[in-house]
Amino acid sequence: MQITNICCIGAGYVGGPTMAIIAKQCPEIKVTVVDLNEARIAAWNDQDMDNMPVYEPGLSDVVAQARGRNLFFSTDVDKAIDEAQMIFISVNTPTKTYGSGKGMGADLKWIELCARQIARVSKSNKIIVEKSTLPVRTAEAIKDILQYAGNDIEFQVLSNPEFLAEGTAVEDLLNPDRVLIGGDSSPEGKRAIESLVEIYNNWIPRERILTTNVWSSELSKLVANAFLAQRISSINAISELCEKTEADVNEVARAIGMDSRIGPKFLKASVGFGGSCFQKDILNLVYISRSFGLTEVADYWEQVIIMNDHQKKRFALNIVRKLYNTVSGKKIAFLGWAFKKDTNDTRESAAIYVADYLLNEQAELRVYDPKVVERQVYADLDYLGSRTAEQNRASIGVGADPYEVCKGAHAIAVLTEWDEFKDYDWERIYDGMLKPAKIFDGRNLLDADKLRSIGFIVQSIGTKSLKKQLVAV
Ligand code: UDX
Ligand code: UDX
Ligand code: ADP
């Protein structure tokens, strides 16, 4: 079927950018992105591009080009479903916070609601595309709901996981390593797969579009994220060992990354990975494995999360230790709050957990992030529920000027690898701080030697400990 009308349910970090690129690359297809969240849709429709709900380099240009031409953002979900031949489901699937599978399995409530809404509204045959990351066999649940809707409509369900990384979404969507489409092997299933292949083939070479069965496609997404996260936990585990020895994790990463079987990417030691996908997808993998009684498999993957939690905690505890075992009443400046650079997304950001540990130790925190707004920082901490909203606001402040945020601080912690941090006037920052002025670089971003020559005491991840540096002096 030649697709001319697409609807996407969910205007978030995945749905928004993905649909913007499809609209840009396929001007003949009408793309409508719908969401229940009116404020979010209003923001996507805002003429002032600074108000876009998702910050991604290059995205505002793409939206400006296609919006109103063949890209539309709306809250009228029923109408968009009714008109579309193909419906992408791109709603959130957070880890369950209640009942069975709490803290492990994905909460499919939103997906199910979507499926029921599609079943209720549809008057013509439709292809449903799972875009959200989902546990294996979700497509079957969606199919069940659609099939028992009692209308004589044919639904084909495809799995088309999204592999874009935030901060590089536009580039990843325009030039993906691969596009994965899973579907039924029946003639109708194959036709549905082909319709989606044709859309992507407008700008992606056919050999980079893989087609598989639905289950392989669903599982591949979880496995890709699990493997990526595993590399980070692996290098982070080594970073702790490096801090105890004379090895430098950057040198180790470089040396092993040059082995073509290992490769150089995703070997950057850090304060810990964040983002909406890695932890959630691994928990999912662990949960599915356990539900099949595969204890060793589950334990193996769970260790990736355990290591990541350890890395965040160890970073925070190290700050406390190096500030003479107490941070009570001490001011610590956070540079960065987003889970990585070039995004305003803070979901599962390491900064949140490091802040939580330090607040437990009664530190006074000041945060600067180029793209994260104050209310988001508070929302992230309030969500943890470790203390009241008032307590959070009393002990953490958010500033719009990094120099002000660092002024009078005992220490600076770098939590996100924003490029601009490298170019700050570090002499000026040093002059404004209490001495000894310490920097805990959770991203190995800054030039430690240069900072040391100014007078800072610098602790990076996976390099000589402060004590060893002092002994060396
Ligand atoms: C990830 C996957 O990369 C993407 O393919 C999938 O579609 C969604 O999940 P994302 O979470 O947006 O994308 O960002 P990613 O670049 O993978 O970074 C995840 C986290 O790992 C960040 O906190 C980042 O700082 C951290 N990271 C990444 C490291 O600590 N070290 C590295 O070497 C790479
Ligand atoms: C290994 C390292 O590759 C080499 O760099 C180092 O110098 C010595 O150790 P080797 O043990 O000779 O080399 O062989 P390798 O090809 O790495 O295979 C090791 C084992 O892993 C074999 O039993 C092989 O069958 C198995 N393997 C390898 C797999 O099961 N799957 C794979 O994808 C690759
Ligand atoms: P992701 O990173 O997966 O894109 P987000 O949370 O950024 O996740 O976006 C998911 C969006 O889906 C949210 O804006 C939410 O309001 C929307 N959403 C969830 N359920 C529905 C639904 N049944 N109908 C329409 N929109 C929905």
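These legends walk through several close-up views of a predicted model.

**View 1. Strand β10 sits inside the structure, covered on both faces.**
Let's start in the interior. Strand β10 covers residues 364–368, and 5 of its 5 residues are buried, so the rest of the structure largely encloses this strand. Look at one side of β10 and you'll find E364, R366 and Y368; turn to the other and there are L365 and V367, and all of these are buried.

**View 2. β10 has a parallel partner in β9 and another in β11.**
Strand β9, residues 331–335, pairs with β10 in the parallel sense, and 5 bridges link the two. Pick out A333 and you can find its bridge partner in β10, which is R366. To get from β9 to β10, the chain passes through helix α13 (residues 350–360), making a right-handed β-α-β crossover. Now for the other neighbour: strand β11 (residues 396–398) runs parallel to β10, with 3 bridges joining them. R366 turns up again here, since its bridge partner in β11 is G397.

**View 3. Helix α14 has a buried side and exposed residues on the other.**
Helix α14 takes in residues 374–384, and V377, D380 and L381 are buried in it. These three cover an arc of only 90° around the axis, so they sit on the same side of α14. A bit of helix geometry helps here: an α-helix has 3.6 residues a turn, so residues three or four places apart point the same way. What do the buried residues of α14 pack against? They pack against α13, β10, α15 (389–395) and β11. Over on the other side of α14, R375 and Y383 are exposed. Just after the helix comes G385, with a positive phi near 75°.

**View 4. Ligand 3 has 21 residues around it.**
The closest of them are G10, G12, Y13, V14 and V91. Which helix gives the most to the shell around ligand 3? That's helix α5 (residues 109–121), with 3 residues. Sorted by class, this shell holds 11 nonpolar, 8 polar and 2 charged residues.

**View 5. Ligand 1 has a shell of 19 residues.**
Here the nearest ones are K268, S270, F273, G275 and C277. Helix α9, residues 214–244, gives the most to the shell around ligand 1, with 3 residues. By class, the shell around ligand 1 splits into 11 nonpolar, 4 polar and 4 charged residues.

**View 6. T95 sits in a loop between β4 and α5.**
Strand β4 (86–89) lies on one end of this loop and α5 on the other. Is T95 buried, exposed or partly exposed? It has 19 other C-beta atoms within 10 Å, so T95 is partly exposed; the buried class takes 20 or more. Leaving aside residues up to four places away in sequence, T95 touches G103, M104, A106, D107, K280 and L283. S460, by contrast, is 365 residues away from T95 in sequence and 32 Å away in space, C-alpha to C-alpha.

**View 7. M52 lies in the loop between α2 and α3.**
The two helices here are α2 (38–45) and α3 (59–66). M52 counts as partly exposed because it has 18 C-beta neighbours inside 10 Å. Leaving out residues up to four places away in sequence, M52 touches A43, W44, L59, S60 and V63. I41 is 11 residues from M52 along the chain, and their C-alpha atoms are separated by 9.4 Å.

**View 8. Three spots have backbone angles worth a look.**
Some background first: most residues other than glycine have a negative phi, and most peptide bonds are trans. Y324 is not a glycine, yet its phi is positive, near 60°. Y324 lies in the loop between α12 (295–322) and β9, and with 9 other C-beta atoms within 10 Å, this residue is exposed. E348 also has a positive phi near 60° without being a glycine. Its place is in the loop between β9 and α13, where E348 is buried, with 20 other C-beta atoms within 10 Å. Finally, K435 and P436 are joined by a cis peptide bond, with omega about 0°. You'll find P436 in the loop between α17 (426–432) and β13 (438–441).

Methods
Residues are numbered from 1 along each chain as its sequence is written. Chains are lettered from A and ligands numbered from 1 in the order in which they are written. This is a predicted model: local features need pLDDT of at least 70, side-chain atom pairs count only at pLDDT 80 or more; totals for chains, interfaces and linings use all residues. A residue is buried if 20 or more other C-beta atoms lie within 10 Å of its own, exposed if 12 or fewer, and partly exposed in between; C-beta atoms are placed from the backbone. Helices (H or I, at least four residues) and strands (E, at least two) are DSSP runs, numbered from the N terminus. Two strands pair if DSSP finds at least two bridges between them. A crossover is right-handed if, with the strands pointing away from the viewer, the path from the first strand over the helix to the second runs clockwise. A residue is near a molecule or strand if its C-beta atom, placed from the backbone, lies within 6 Å of it. Ala, Val, Leu, Ile, Met, Phe, Trp, Tyr, Cys and Pro count as nonpolar, Asp, Glu, Lys and Arg as charged, and the others, Gly among them, as polar. The arc is that of the directions from the helix axis to the C-beta atoms. Two residues are in contact if their C-beta atoms, placed from the backbone, lie within 7 Å.
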